[in-house]
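Work through the exercises below with the model in view. Try each task before reading its solution.

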Amino acid sequence: MTQPAPTPTVQRVDTKHRYEIVVDGQTAGLTAYRDRDGQRVFYHTEINDAFAGRGLASLLVQQALTDARASGKRIVPVCPYVAKFLKKHDEFADMTDPVTPEVLQWLQTVQTQ
């Protein structure tokens with residue numbers, strides 16, 4: 001008999017400015033963000049190679065965006081994966097702000113701190 005696949009869980013880790021997706025006790029990937037005023041600026045998403053091809057990135061980003069909405073944040077999709085996800089998921093269009101030169105400049109500043 002085969003055992004059922006472990007259910008992935010997504011958790012926000014504020015001290016690291018990211019959401020992590022955990023599968024069977026192992027961190028399988030992350031989407032990194034920084035908060036700016038009322039915005040959550042997502043700038044990087046990755047899934048570890050050992051967990052690739054399972055749809056984990058989509059699940060991770062969907063739950064991260066849902067949490068951002070619950071936290072009253074607007075989304076700025078600097079990360080190409082998050083931007084691509086948003087093009088397919090209209091349910092987040094009402095809370096998405098454009099990527100502007102000001103946001104990119106601000107992000108460079110906070111990433112070096």
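Rings of Phe, Tyr and Trp (its six-membered ring) pair if their centres lie within 6.5 Å. With that rule, Tyr 19, Tyr 33 and Phe 42 form one aromatic cluster. The model is predicted.

**Exercise 1. Classify the ring pair of Tyr 33 and Phe 42 as stacked, tilted or edge-to-face.**

Step 1. Start with the count: the structure holds four aromatic pairs.
Step 2. In the pair of Tyr 33 and Phe 42, the ring centres are 6.2 Å apart and the planes stand at 55 degrees, so the pair is tilted. The cut-offs are under 30 degrees for stacked and over 60 for edge-to-face.
Step 3. Check the surroundings. Tyr 33 and Phe 42 are both buried.
Step 4. Look above the ring of Tyr 33. The charged end of Arg 40 sits over this ring, 4.5 Å from its centre.

**Exercise 2. Do the same for Phe 85 and Phe 92, and decide whether each is buried or exposed.**

Step 1. The ring centres of Phe 85 and Phe 92 lie 6.4 Å apart, with planes at 45 degrees, so this pair is tilted.
Step 2. Buried means under 20% relative accessible area. Phe 85 has 4%, so Phe 85 is buried. Phe 92 has 3% and is therefore buried.
Step 3. List the contacts of Phe 92, leaving out residues up to four places away in sequence. Phe 92 touches Gln 62, Leu 65, Thr 66, Arg 69, Ile 75, Phe 85 and Leu 86.

**Exercise 3. Which residues touch the most other members of the largest nonpolar core, and which elements supply two or more residues?**

Step 1. This core has 20 residues; Phe 42, Leu 65, Ile 75, Val 82 and Phe 92 touch the most other members.
Step 2. Strands S2 (18–23) and S3 (26–36) each give two or more residues, as do helices H1 (56–70) and H2 (80–88).
Step 3. H1 gives the most, with six residues.
Step 4. Look for another core. A second, separate one has six residues, including Val 41, Val 103, Trp 106 and Val 110.
Step 5. Set this against a general tendency: in soluble globular proteins, nonpolar side chains tend to be buried together.

**Exercise 4. Is Glu 20 buried or exposed, and what does Glu 20 contact?**

Step 1. Glu 20 lies in strand S2.
Step 2. The relative accessibility of Glu 20 is 6%, so Glu 20 counts as buried.
Step 3. The side chains of Glu 20 and Arg 18 share a polar contact of 2.7 Å.
Step 4. Set aside neighbours within four places in sequence. Glu 20 then contacts Thr 9, Val 10, Gln 11, Val 13, Thr 27, Gly 29, Leu 30 and Leu 60.

Conventions:
Residues numbered from 1 in each chain as written. Predicted model: local features only at pLDDT ≥ 70, side-chain atom pairs only at ≥ 80, totals over all residues. Heavy atoms only, no water. Buried < 20%, exposed > 50% of the residue type's maximum accessible area, 1.4 Å probe, protein only. Lys NZ or Arg CZ within 6 Å of the ring centre and 35° of its normal. Core = buried A, V, L, I, M, F, W, Y, C linked by side-chain atoms within 4.5 Å. Helix = DSSP H or I, 4+ residues; strand = E, 2+ residues; numbered from the N terminus. Contact = heavy atoms within 4.5 Å. Polar contact = N/O pair within 3.5 Å; in protein donor to acceptor, adjacent residues only side chain to side chain.
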